Structure formats: structure tokens, C-alpha cells
Amino acid sequence: MQPQGTPGAGRNLALATIAFALCFSAWGMLAPIAPGLQDDLGLSNTQTAIMISIPVILAAVSLAATVFVVPHSREHVETGFDIPGAILSVLAVGGLVLAIQEGPERGWTSPLTIAAFVIGLAASVAFVRAE
């Protein structure tokens, strides 16, 4: 079933989503390195705050543009919250991140590291199969 919105609404939504994601990605890349850039470039705290704020402002502008430019679809699909998918994705990401983070400190053959890898990989496979 096709959405009954304005022609090209899907393309506009895709472009707005891409712009929004790019802005937040830029902010996510700049925030951790801002203190180092501040020292290397000799920037003041105000200049650094402005440099970090630009991607956030662009994200806000793209979100506002999405609200005003992208028309609402008239198709209403009632779907519930995907509880199994949410639980499996948290287990997958959490297990893998825990294993990668604790592996160097506790050792890669530590029971915690191995268990976290096994849980993370098993949850990843289960997530792919469930979704």
C-alpha cells in the first residue's frame, strides 16, 4: 500500500533524515576532540563552544525543516513496541561492548570476557533471526 501523501514525500523524508543524521554524526565526532583542538589551535572556550554548537544548530535546523517541509503520511499503521528486538539489541551491543572493554584488563580468556562475547554474539544472531 502506498502512502497517500504528497508526491516525493518519501524522498524528502529520506533527505531530511540523512541531513539530521549527518549533523549528529558531525557533533559526535567533534565533541571528544574539541579539547585537543582547542589547545592545538589556540582557541578560547567561547570559540570552542561555537565550534561544537554549529553541528547541533544544523541538526536543529534540519529537524525543523523536516517538520515543516515533509508532509505527514495519511497511512496510519498501528504497530506496537518491538520488545524482543529491543531486548536482543541491548544484549547484543551490551555484551560485545563489555567484552571489548574488559578484555584488555581482565584478559581475553577471562570467564567474564568470554561470557560477554558469547552472549553478545548469540543475541546478535537471535536479533537478526527475529527481525
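Student: In what order do the elements of the protein chain run from the N terminus on?

Tutor: In this predicted model, the order from the N terminus is α-α-α-α. The secondary structure amounts to 4 helices and 0 strands.

Student: How much of the protein chain is buried, and what supplies its exposed area?

Tutor: Of the 131 residues in the protein chain, 18% are buried. The chain exposes about 9,600 Å², and carbon and sulfur atoms supply 70% of that area.

Student: What share of the contacts in the protein chain between residues at least 6 apart in sequence joins residues at least 24 apart?

Tutor: That share is 59%. One pair to look at is Glu131 and Gly85, which are 46 residues apart in sequence while their C-alpha atoms are 7.0 Å apart in space. Glu131 belongs to the segment after H4. Setting aside residues up to four places away in sequence, Glu131 touches Asp82 and Gly85.

Student: How does the span of helix H3 compare with the expected one?

Tutor: The expected span allows 1.5 Å a residue, which gives 34 Å for H3. Helix H3 covers residues 83-106, 24 residues in total, and reaches 32 Å from first C-alpha to last, close to that expected value.

Student: What is found at the start of H3, and what just after H3?

Tutor: At the start, a side-chain oxygen of Asp82 comes to within 3.3 Å of the backbone nitrogen of Gly85. Just after H3, Gly107 adopts a positive phi of about 105 degrees.

Student: Which residues of H3 are buried, and what covers them?

Tutor: A residue counts as buried under 20% relative accessible area. In H3 the buried residues are Gly85, Leu88, Ala92, Gly95, Ala99, Glu102 and Gly103. Their cover includes helix H4, residues 111-130.

Student: Where is Thr113, and what is it in contact with?

Tutor: Thr113 is in helix H4. Thr113 counts as buried because its relative accessible area is 0%. Apart from neighbours within four places in sequence, Thr113 is in contact with Ala99, Glu102, Gly103, Arg106, Gly107 and Trp108. Among these, Ala99, Glu102 and Gly103 are also on the list of buried H3 residues.

Student: How many salt bridges does the structure hold, and which side chains meet there?

Tutor: The structure holds 1 salt bridge. The side chains of Glu102 and Arg106 form it, at 3.0 Å from N to O. Both residues lie in helix H3, 4 residues apart, which is about one turn of the helix.

Student: Is Glu102 buried or exposed, and is Arg106 buried or exposed?

Tutor: Glu102 counts as buried because its relative accessibility is 17%. Arg106 counts as exposed, because its relative accessibility is 52%. The salt bridge therefore joins a buried residue, Glu102, to an exposed one, Arg106.

Student: Which residues make the nonpolar surface patch?

Tutor: The patch is made by Phe81, Ile83, Ile87, Leu91 and Ile119, and its area is about 530 Å². H3 contributes the largest share of the patch, 3 residues. Ile119 comes from helix H4.

Student: Why does Ile119 count as partly exposed?

Tutor: Partly exposed is the class between buried, under 20%, and exposed, over 50%. Ile119 falls in this class because its relative accessibility is 45%.

Definitions and conventions
Residues numbered from 1 in each chain as written. Predicted model: local features only at pLDDT ≥ 70, side-chain atom pairs only at ≥ 80, totals over all residues. Heavy atoms only, no water. Helix = DSSP H or I, 4+ residues; strand = E, 2+ residues; numbered from the N terminus. Expected span 1.5 Å × (residues − 1). Buried < 20%, exposed > 50% of the residue type's maximum accessible area, 1.4 Å probe, protein only. Contact = heavy atoms within 4.5 Å. Polar contact = N/O pair within 3.5 Å; in protein donor to acceptor, adjacent residues only side chain to side chain. Patch = residues over 30% accessible without salt bridge, like charges linked within 9 Å, V, L, I, M, F, W, Y side chains within 5 Å. Areas by Shrake-Rupley, 256 points an atom, 1.4 Å probe, with all protein chains shown as cover. Salt bridge = Lys/Arg side-chain N within 4 Å of Asp/Glu carboxyl O.
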